[in-house]
Amino acid sequence: MTLSADEIQTLRKRLDQLEHGHQRQRLFGLFAFLAIGAVFLMGQAARSNFPEVIEAQRFVVKDPGGKSIAALGADRDGAPLLVLMNSDGHLAATLEVTVHKKRALTLYDRDGKGRVILAVDADGSPALAMNDKTGTPRIGLAVASQGSGGLVLYGNRSAARASL
């Protein structure tokens with residue numbers, strides 16, 4: 001079978017178009033491979049930029065308006081202390097471990113008075129105290145280290161009025 005000059009020209013044109021298209025696909029594949037490789041390598045590099053340990057003397061959390069709402073640090077004696085503030089900026093709660101190894105969670109009212117204190121002494125004895133609006137203890141509930149429990153109701157000047 002012999003082909004005319006026009007047919008050969010048409011076939012040559014189609015072959016050039018196919019080769020050009022194939023070359024574009026290879027270039028696209030190469031760029032896609034490089035892009036995926038770059039994203040993978042950037043992801044690996046980003047992970048190594050974060051330290052495993054972050055150290056500071058104090059961490060402060062602020063709301064979007066810049067007001068402090070929480071702080072984690074140490075108290076005056078160097079014992080750990082977590083402080084939480086309410087939306088008004090007043091003291092709401094503290095969680096601490098004292099230098100005497102007493103653990104305590106204190107909940108405060110709007111005036112900053114400790115109203116509820118849940119604590120565990122160094123010997124492991126738990127206690128719960130509820131205070132009036134002046135911060136004076138009114139009810140105490142505790143378990144002694146030997147296992148006996150007790151309830152104390154306080155009167156004026158923190159004097160015990162009744163105990164069980």
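Q: Before we count anything, what counts as a helix or a strand here?
A: Helices are DSSP runs of H or I with at least four residues, and strands are E runs of at least two. Keep in mind that this is a predicted model.

Q: Fine. How many helices and strands does the protein chain have, then?
A: One helix and ten strands. In sequence order the pattern is α-β-β-β-β-β-β-β-β-β-β.

Q: Is the chain spread out or a compact globule?
A: Spread out: the radius of gyration is 36 Å, well over the 15 Å that the globule rule gives for 164 residues, so the chain is more spread out than a compact globule. The C-alpha trace spans about 120 × 35 × 30 Å along its principal axes.

Q: And what share of the residues is buried?
A: Buried residues are 11% of the 164.

Q: What about contacts between residues at least 24 apart?
A: They come to 1% of the contacts between residues at least 6 apart in sequence.

Q: Switching to charges: how many salt bridges are there?
A: Two. One joins Asp109 and Arg115, with the closest N and O atoms 3.3 Å apart. The other pairs Asp132 with Arg138 at 2.9 Å, N to O.

Q: Is Asp109 buried or exposed?
A: Buried, because its relative accessibility is 15% and the cut-off is under 20%. Its partner Arg115 is partly exposed at 29%.

Q: And where does Asp132 fall, buried or exposed?
A: Asp132 counts as buried at 16%, while Arg138 is partly exposed at 27%.

Q: How far apart are the mean positions of the positive and negative charges?
A: 6 Å, for 20 positive and 16 negative charges.

Note on methods:
Residues numbered from 1 in each chain as written. Predicted model: local features only at pLDDT ≥ 70, side-chain atom pairs only at ≥ 80, totals over all residues. Heavy atoms only, no water. Rg over C-alpha atoms; globule rule 2.2 N^0.38 Å. Buried < 20%, exposed > 50% of the residue type's maximum accessible area, 1.4 Å probe, protein only. Contact = heavy atoms within 4.5 Å. Lys, Arg positive; Asp, Glu negative; His and termini not counted. Charge placed at Lys NZ, Arg CZ, Asp CG, Glu CD. Salt bridge = Lys/Arg side-chain N within 4 Å of Asp/Glu carboxyl O.
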